[in-house]
Amino acid sequence: MSRIKSKNPIVLVPKKGFEELGVRSFEATYRGKIAQGFVVKKNGKFFAYQNLCKHLPVTLDLEDDKFFTHDKAHLQCHMHGAMFELDSGFCVAGPCQGASLNPLELKEEDTRLVIKIPEALFEE
Ligand code: FES
């Protein structure tokens, strides 16, 4: 599944077809800068994070849209294997153990998720 693109800091993600333990990744462009993020569904709830490892400046999925450990119990950085809790973004193992992914503000509407990316997370 390819990244959802947005031309501003608000990203709209359709809820239709968003399965349990599914993920949608997105990329927003704002004032010539870019931010990446993703949203994951666990126990019927949605959690959105910046798509950026806490250890090195790379995306967790290394651009291939794979965000999970094999058992889908954790999110995983595919560079060095750091593992993060789905519902908190807390890193439980790996080089950045004890750090947390940056959560993104998420509002759930009837048919879509409205995710807001703070301006500070946009980079050249
Ligand atoms: S870059 Fe993510 S764990 Fe090293």
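**Entry 1: Phe 38**

I started at Phe 38, which touches Val 23, Arg 24, Ser 25, Phe 26, Tyr 49, Asn 51 and Phe 67, leaving aside residues up to four places away in sequence. A reminder to myself: this is a predicted model.

Next I looked up the nonpolar core. The largest one has 25 residues, and Phe 38 is among those with the most contacts inside it, along with Val 39, Val 40 and Ile 115. I then checked which strands feed this core: strand 2 (10-14), strand 3, strand 4 and strand 5 each give at least two residues. Strand 4 provides the largest share, 4 residues. As background, nonpolar side chains in soluble globular proteins tend to be buried together.

**Entry 2: the whole chain**

I stepped back for the overview. I count 0 helices and 10 strands in the chain, so the globule rule was worth a look: the radius of gyration is 13 Å, close to the 14 Å that the rule gives for 124 residues, and the chain is therefore as compact as a globular protein of that length. Along the principal axes, the C-alpha atoms fill a box of roughly 35 × 35 × 25 Å.

How much of the chain is buried? Buried residues come to 30% of the 124. I also looked at contacts between residues at least 6 apart in sequence, and 41% of these join residues at least 24 apart.

**Entry 3: strands 3, 4 and 5**

Back to the strands around the core. Strand 3 (residues 23-30) pairs with strand 4 (residues 33-42) in the antiparallel sense, over 8 bridges. Within that pair I found Ala 28 opposite Ala 35 of strand 4. The hairpin has 2 residues between the strands, and Arg 31 there takes a positive phi near 50°.

On to strand 4 and strand 5, which are also paired in the antiparallel sense, over 6 bridges. Val 39 has Ala 48 in strand 5 as its bridge partner. I had already noted Val 39 as one of the residues with the most contacts inside the largest nonpolar core.

The hairpin of strand 4 and strand 5 has 2 residues between the strands as well, and here Asn 43 has the positive phi, near 50°.

**Entry 4: Asn 43**

I stayed with Asn 43, in the loop between strand 4 and strand 5. Buried or exposed? Asn 43 is exposed, because just 8 C-beta neighbours lie inside 10 Å, and the cut-off for exposed is 12 or fewer. I also took a distance to Gly 94, 51 residues along the chain from Asn 43: the two C-alpha atoms are separated by 25 Å.

**Entry 5: Leu 56**

Leu 56 caught my eye next, in the loop between strand 5 (45-50) and strand 6 (75-76). Leu 56 is exposed, since 12 other C-beta atoms lie within 10 Å. How far is Leu 56 from Gly 44 in space? The C-alpha atoms are 31 Å apart, although the two residues are 12 apart in sequence.

**Entry 6: the open sheet**

Last stop was the sheet of strands 6, 7 and 8. These 3 strands form an open sheet in the order 6-7-8, with antiparallel pairing. Its edges are strand 6 and strand 8 (91-93), each paired on one side only. Strand 6 and strand 7 (residues 83-84) pair over 2 bridges. I checked who faces whom there and found Gln 76 opposite Met 83 in strand 7.

Notes:
Residues numbered from 1 in each chain as written. Predicted model: local features only at pLDDT ≥ 70, side-chain atom pairs only at ≥ 80, totals over all residues. Rg over C-alpha atoms; globule rule 2.2 N^0.38 Å. Buried ≥ 20, exposed ≤ 12 C-beta atoms within 10 Å, placed from the backbone. Contact = placed C-beta atoms within 7 Å. Pairing = 2+ DSSP bridges. Core = buried A, V, L, I, M, F, W, Y, C linked by C-beta atoms within 7 Å.
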